[in-house]
Amino acid sequence: MTGYGRGSADGEHFSVSVDLKTVNNRFLDVHLRLSGELASLEPVIKRQISSRLSRGRVDVTINLEKTSQTAYELNRPLIAGYVHALREMQKEFSIAGELDINVLARLPGALQPARDGLSDDVVAGIERAVTEGLDELERMRTQEGEALRLEMADRIEKIDALVPIIENAAAGLVDAYRARLQKRIGELLSRNGPLVEIDPARLAQEVAFLSDRSDVSEEMVRLRSHLAQFREALDSTSETGKMLDFLLQELNREADTTLSKSTELSIKETALAIKQEVEKLREQVQNVE
């Protein structure tokens with residue numbers, strides 16, 4: 001689910017701001033943009049975010065400004081390797097000159113903020129800023145979630161209104177099969193001689209066989225049950241994304257079975273309409289936690 005949140009915190013010697021942006025994703029995928037001195041906090045921040053969010057791609061940017069003097073440490077292996085390479089260059093190509101400290105200072109990574117430079121106050125301030133950003137993000141996601149809930153509830157009602165159409169059409173299938181079978185048998189017999197009387201018992205047996213094969217009453221009962229469970233899940237305050245996704249699979253399964261069982265055009269068209277609504281719901285459910 002999309003959302004945005006911003007948090008900030010100030011201390012005696014620092015100021016920190018946090019930006020959080022989320023977009024739709026089936027799983028939780030956290031991406032942090034941190035300066036090198038904050039790298040050690042990455043696991044802590046990810047745990048803090050995962051305790052509040054369970055789905056979506058989350059992009060987090062943290063900016064830390066220190067108002068006091070910052071301690072730096074030398075990246076000795078990097079500088080030593082660079083100096084050694086320059087000395088080898090001078091020796092091999094007979095190049096005169098001395099090393100310039102300004103060049104070494106501008107070498108990427110030569111000077112780094114001290115890794116132990118994060119005080120407890122700074123760490124606590126970053127956590128407060130992340131919490132504030134998550135609070136704002138969740139408020140925005142809650143508003144979007146309510147709009148999404150209303151839209152999904154409307155689609156569920158559309159599916160519910162399609163079920164009686166299938167049930168009514170299926171109720172008249174027995175008589176339709178009997179009339180169709182009588183007509184077909186009569187046509188076949190008339191081609192080879194006079195029309196003979198049809199055995200009512202055998203006809204009833206064939207009609208019963210065909211109607212049993214195309215009976216979708218169980219599918220409609222299960223479909224109504226899934227719709228009721230879907231409504232309950234929509235009104236739940238717990239995490240329901242996976243449950244809704246499962247129920248959509250079951251709704252689609254009942255629609256597919258109905259399609260395969262029936263040859264009645266109106267039933268097939270209605271089952272296809274249900275599948276279309278389910279597919280639209282599936283796209284929206286990916287946004288639900």
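**A guided tour of salt bridges and helix faces**

Select D256 and K275 to begin: in this predicted model, the two form a salt bridge whose closest N and O atoms are 2.8 Å apart. D256 belongs to helix α8 and K275 to helix α9, so the pair ties together parts that are 19 residues apart in sequence. Both are partly exposed, D256 with a relative accessible area of 34% and K275 at 21%. Next, display E157, D160, E167, R224 and R231, which salt bridges with shared partners join into one network.

Then show the whole of α8, residues 241-261. At 1.5 Å a residue, its 21 residues should span 30 Å, and the end C-alpha atoms, 31 Å apart, agree with this. Its buried residues, including L244, L248 and L251, pack against α4, α7 (217-235) and α9 (265-285).

Move to α4 and select E146 and R149, which form a salt bridge with the closest N and O atoms 3.0 Å apart. Being three residues apart in α4, they are separated by about one helical turn.

Helix α1 (residues 42-50) comes next; I45, Q48 and I49 are buried there. Why do they lie on the same side of α1? They cover an arc of only 95 degrees around the axis. Their cover includes β2 (14-23), β3 (28-33), β4 (56-66) and α4 (120-171). Also in α1, E42 and K46 meet in a salt bridge (3.4 Å, N to O); E42 is partly exposed at 32% relative accessible area, and K46 at 30%.

Finally, select Y72, L74 and L111, a nonpolar surface patch with about 310 Å² of accessible area together. Y72, in strand β5 (residues 72-74), is exposed, with a relative accessible area of 53%.

How values were computed:
Residues are numbered from 1 along each chain as its sequence is written. This is a predicted model: local features need pLDDT of at least 70, side-chain atom pairs count only at pLDDT 80 or more; totals for chains, interfaces and linings use all residues. Side-chain values use heavy atoms; hydrogens and water are left out. Buried means under 20% relative accessible area, exposed over 50%, partly exposed in between (1.4 Å probe, protein chains only). Helices (H or I, at least four residues) and strands (E, at least two) are DSSP runs, numbered from the N terminus. The arc is that of the directions from the helix axis to the C-beta atoms. Contact means heavy atoms within 4.5 Å. Patches are made of residues with over 30% relative accessible area and no salt bridge: like charges are joined within 9 Å, nonpolar side chains (Val, Leu, Ile, Met, Phe, Trp, Tyr) within 5 Å. Accessible areas come from the Shrake-Rupley method with a 1.4 Å probe; for residues, only the protein chains shown count as cover. A salt bridge is a side-chain nitrogen of Lys or Arg within 4 Å of a carboxyl oxygen of Asp or Glu. The expected span of a helix is 1.5 Å times one less than its number of residues.
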